[in-house]
Amino acid sequence: MMKRKVTKAIFPVAGLGTRFLPATKSIPKEILTLVDRPLIQYAIDEARAAGIKEFIFVTSRGKSALEDYFDDAPELEASLRKKGKTELLEALQATNMDSGAIAYVRQNRPLGLGHAVWCARKLVADEPFAVILTDDVIAADKPCLQQMMEAHAETGGNVVAAMEVPTEKTSSYGILDIESENGQMVKVRHMVEKPKAEEAPSNLAVIGRYILTPEVMNNLNQKKEGAGGEIQLTDAIAEELTKGNPVYGFRFRGQRYDCGSKAGFLQATVAFGLARPDLRDEFAGFLSDIMAMQKAAE
């Protein structure tokens with residue numbers, strides 16, 4: 001059977017961002033800036049590189065700034081054009097989304113990641129789809145979702161991004177029970193959401209990138225409560241395994257930063273800042289001076 005091309009992606013962005021209060025009191029967490037781009041722009045750029053054409057945002061109250069971000073800004077564009085600031089104009093226009101390419105649906109209550117994905121069911125219909133969690137920013141020569149799309153073209157089924165985590169942190173992730181391995185691809189026997197360290201089947205964790213079949217959305221329709229009393233996406237994917245349908249873990253090439261935490265956000269800021277040719281020398285010099293000052297103070 002011919003594998004259907006994945007052209008739709010769901011971005012669950014309904015969270016309140018409480019770990020970043022008070023900054024997120026008035027702006028969505030996804031608008032927080034990593035160097036000079038908001039987190040959501042990194043996710044959009046990755047999706048575009050992977051061939052995504054339709055972008056579905058699951059939002060909540062207080063997210064209007066997120067929607068405004070993707071609108072045209074004709075006055076600002078005209079001002080930059082008049083002043084001959086071509087580079088800034090091109091950077092600004094890259095944030096615009098074509099009319100009809102982006103859609104928004106509301107998650108009225110925070111009932112878990114699975115519920116957030118389920119809220120987009122009517123826009124996905126019976127097509128395979130991707131899910132991107134904007135908290136997970138992945139620095140890679142080839143964007144993570146693009147790597148996954150290429151692997152998915154070979155295997156079909158459900159594909160989740162995976163990476164090893166310290167055993168003591170397995171309780172924060174969906175963890176894979178590995179049946180077999182073939183290079184970067186892992187065939188999954190079972191998946192467990194947030195297991196205790198002593199009960200985890202491995203330390204291979206699911207990271208915020210998914211390519212899923214329509215059957216996973218059908219599983220979410222059952223609204224089964226899982227860990228934490230929430231509707232878990234991991235459980236809906238794991239249900240496919242009980243039906244004999246394949247699920248694969250994909251060990252992506254790249255460095256993942258958890259920008260949902262303050263420490264991870266700071267780490268990403270340093271890494272992305274040092275990766276920028278226009279910032280590297282000055283920023284690296286500053287960091288060296290700071291480290292020297294701290295060492296001297298000790």
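Is Phe20 buried or exposed? I began with this residue in what is a predicted model, and I noted that Phe20 is buried, its relative accessible area being 12%.

**Entry 1: aromatic rings**

I then went through the ring pairs and arrived at a count of eight aromatic pairs. One of them joins Phe20 and Phe265, whose ring centres lie 5.7 Å apart with the planes at 65°, and because an angle over 60 degrees counts as edge-to-face, I entered the pair under that heading. I looked up where the two partners sit: Phe20 belongs to the loop between β1 (8–12) and β2 (33–34), while Phe265 belongs to helix α10 (residues 262–274), so this contact ties together parts that are 245 residues apart in sequence. For Phe265 I also found a relative accessibility of 12%, which counts as buried. Apart from that pair, I wrote down one aromatic cluster, formed by Phe11, Phe55, Phe57, Tyr69, Phe70 and Tyr104.

**Entry 2: helix α10 and a glycine**

While I was in helix α10, I looked up Gly273, which is found in that helix. Gly273 is buried, with a relative accessible area of 3%. I also took the separation between the C-alpha atoms of Gly273 and Phe283, which comes to 7.2 Å for two residues that stand 10 residues apart along the chain.

**Entry 3: a patch on the surface**

Which residues form a nonpolar patch on the surface? I found Phe286, Ile290 and Met293, which together have about 300 Å² of accessible area. Met293 has its place in helix α11 (residues 280–297), and I recorded Met293 as exposed because its relative accessibility is 58%, where the cut-off for exposed is over 50%.

**Entry 4: strand β8 and its partners**

Turning to the strands, I saw that five of the seven residues of β8 (residues 158–164) are buried, so this strand is largely enclosed by the rest of the structure. I followed its pairing to strand β12 (residues 247–251), to which β8 is joined by five bridges in a parallel arrangement, and I noted that Val160 has Gly249 in β12 as its bridge partner. I also followed β8 to strand β11 (residues 204–212), where six bridges make the join and the two strands run antiparallel; here Glu164 stands opposite Leu204 of β11.

**Entry 5: the hairpin of β9 and β10**

How many bridges join strand β9 to strand β10? I counted eight between β9 (residues 174–182) and β10 (residues 185–193), which run antiparallel, and I listed Leu176 with its bridge partner Met191 in β10. The hairpin made by these strands has two residues between them, and in it I found that Gly183 takes a positive phi near 65°.

**Entry 6: cysteines**

How many disulfides does the structure hold? I found zero. For Cys259, which is in no disulfide, I looked up the nearest cysteine sulfur, and that of Cys144 is 14 Å away, whereas a disulfide would need the sulfur atoms within 2.5 Å. Cys259 has a relative accessibility of 0%, so I entered this residue as buried. Cys119 is likewise recorded as buried, because its relative accessible area is 14% and the cut-off for buried is under 20%.

Methods. Residues are numbered from 1 along each chain as its sequence is written. This is a predicted model: local features need pLDDT of at least 70, side-chain atom pairs count only at pLDDT 80 or more; totals for chains, interfaces and linings use all residues. Side-chain values use heavy atoms; hydrogens and water are left out. Patches are made of residues with over 30% relative accessible area and no salt bridge: like charges are joined within 9 Å, nonpolar side chains (Val, Leu, Ile, Met, Phe, Trp, Tyr) within 5 Å. Accessible areas come from the Shrake-Rupley method with a 1.4 Å probe; for residues, only the protein chains shown count as cover. A salt bridge is a side-chain nitrogen of Lys or Arg within 4 Å of a carboxyl oxygen of Asp or Glu. Helices (H or I, at least four residues) and strands (E, at least two) are DSSP runs, numbered from the N terminus. Buried means under 20% relative accessible area, exposed over 50%, partly exposed in between (1.4 Å probe, protein chains only). Two strands pair if DSSP finds at least two bridges between them. Rings of Phe, Tyr and Trp (its six-membered ring) pair if their centres lie within 6.5 Å; planes under 30 degrees apart count as stacked, over 60 as edge-to-face and the rest as tilted.
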